[in-house]
Amino acid sequence: MHKIISALNIKERSSGAFGKTEMDIAGAKMLLVRSPIDGKEIAQVQCADLASYDRVVRDSIEVFHEWRKVPAPERGQVIRRIGEALRDSKKDLGRLVSLEVGKILAEGEGEIQEAIDIADFAVGLSRQLYGKTMHSERRQHRMYEQWHPLGPIGVITAFNFPAAVWAWNAMIAAVCGDTIIWKPSELAPLTALAVNSLCREVAKSSGFEGLFSLVVGDGPELGARLAADTRVPCVSATGSCSMGCSVGKVVGERLGRSILELGGNNAVTVLADADMKLVVSGILFGAVGTAGQRCTSIRRAFVHEQVYDECIEKLVAAYRQVKIGNPLENGVLMGPLIHQRAVDAYQRAIARIPQEGGEVVYGGNIVTGLPSSLYVEPTIVRARSIIPLMKEETFAPILYVVPIKDVDHAIALNNDVPQGLSSAIFTKDMRAVERFLSQAGSDCGIANVNMGTSGAEIGGAFGGEKDTGGGREAGSDSWKQYMRRQTCNINFGDTMPLAQGIVFS
Ligand code: UN1
């Protein structure tokens, strides 16, 4: 453990505020970081107070004023070197992710790979921040739009993707000419410290150490301050719907921009002709992977009544093979939940299942005999129809399986929840596929065919509708949110024609 920590430049007692330089916070409250794997303390971090937060923002603005003048392709070269540094440290960083949040190693490394991928994407993007040119209705006039850097971007991240989600925002914002202020989850500050330190090192060698800044807190105060801060034009926040609601409200009240990526309640639809092999492996990764703690995790399965019993049987057989334990060990597929609060939420949901008419057919228990009390069994619930629990997002590996009659029935159930992040259908019937993907189909930000709901690639825009918050991050044209658009009109003639043919003389 100590080897990983020191290899990644993390001290046993680290500062929790980095602006143009690392800050020592006098009399700081200490945040104790424990591994969910065995409950042991990994390191301590000083919590940023409001004074150090304020210095970080001032620094970030100062750096922004210089960074925005660097040509975008040159900014891209800094990000290229960050991608290389991430590649060099992928193994160590992946291990740290596992240690700090309990993901299995393959997923810990996968998360760093996601950060590398978005860095690569951002390098290409640095030469493609295109604006459109329009034909002016006025003679001897030219009209076009251009995209300028926006300012310091606040990035609030959750524990479950302690590196990748920040990278989706930060790599893109940096090539757009913005600076970044990161407020990581109090449950995963060490990955943030390590990733941030690596990025700062690269940025420093180009003269921009404060391009990436960081403030660590132990509760919601810093996030609330960031949301209310008029010096921060855009705040991107990932986490629960209730957190997003308050961030969105506060940013909205000051007419700032927010990018919200909040809870999901993702469903797969399985039609009678589905390839059961794909269904089982897709659901297994989607529902059990990351111990059900992805915003894209599969929580609901709508299975055609003809294959309902068969599907449950096969899922139970697959779940039985899942090795639960220390996520750093080979062969383990499921590690611990992040915190006792998550275990409590799992247990509360399990207790409600029979009361609401569901039946636990697999799992439902805490796993004993492991190094911490945070390990739970992945759980399958048979529900003849929708039960109220299914409308909530319990951030734990619980899967509700409901029989359906046809694709329209499934689409109606898929959409009948407050959240709208990811969805999927398993079938070979192209008519059903097209119905599911049509304007009257799934209402989610992501709709997949013959694959699960999680594990999105960075190339597409990532996010969802309704209570999921409406924001989009990562690929496609998400970059536009981190820039300000300017429409320019140039008169190169010697008369002054007005638009709409108005004569004003
Ligand atoms: C999240 O859980 O907040 O699509 C993000 C996925 C990952 C990202 C999840 N690439 O499952």
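**Exercise 1.** Determine how many salt bridges cross the interface of domain 1 and domain 2 in this predicted model, and examine the pair R294 and E107.

*Solution.*
Step 1. The domain assignment places residues 2-262 + 469-486 in domain 1 and residues 266-449 in domain 2.
Step 2. Across the interface of these two domains, the rule finds one salt bridge.
Step 3. The side chains of R294 and E107 form a salt bridge, with 3.0 Å from N to O. This distance satisfies the criterion, because a side-chain nitrogen of Arg must lie within 4 Å of a carboxyl oxygen of Glu.

**Exercise 2.** Describe the contact between domain 1 and domain 2.

*Solution.*
Step 1. The C-alpha centres of the two domains are 31 Å apart. Domain 1 brings 21 residues to the contact and domain 2 brings 24 residues.
Step 2. The size of an interface is often expressed as the accessible area lost when the parts come together.
Step 3. Here domain 1 and domain 2 bury about 1,800 Å² between them, and 65% of it is on carbon and sulfur atoms.
Step 4. Of the area that domain 1 buries against domain 2, I37, I104 and E107 supply 29%, more than any other three residues.

**Exercise 3.** Explain where the largest pocket lies with respect to the domains, and characterise its lining.

*Solution.*
Step 1. The largest pocket has a volume of about 1,100 Å³, and 41 residues line it. F159, L187, G239, S240 and M243 lie nearest its centre.
Step 2. Both domain 1 and domain 2 give residues to this lining, so the largest pocket lies between them.
Step 3. Among the elements, α12 gives the most to the lining, with six residues.
Step 4. By class, the lining residues comprise 20 nonpolar, 13 polar and eight charged.

Notes:
Residues numbered from 1 in each chain as written. Predicted model: local features only at pLDDT ≥ 70, side-chain atom pairs only at ≥ 80, totals over all residues. Heavy atoms only, no water. 1 Å grid on protein atoms, 1.4 Å probe; cavity = no way out; pocket = protein on both sides within 12 Å on 5 of 7 lines; lining within 4 Å. Points joined across faces, edges and corners; volume = space filled by probe spheres on them. Helix = DSSP H or I, 4+ residues; strand = E, 2+ residues; numbered from the N terminus. Nonpolar A, V, L, I, M, F, W, Y, C, P; charged D, E, K, R; others polar. Domains from an automatic or database assignment. Contact = heavy atoms within 4.5 Å. Buried area = accessible area lost by both parts, 1.4 Å probe.
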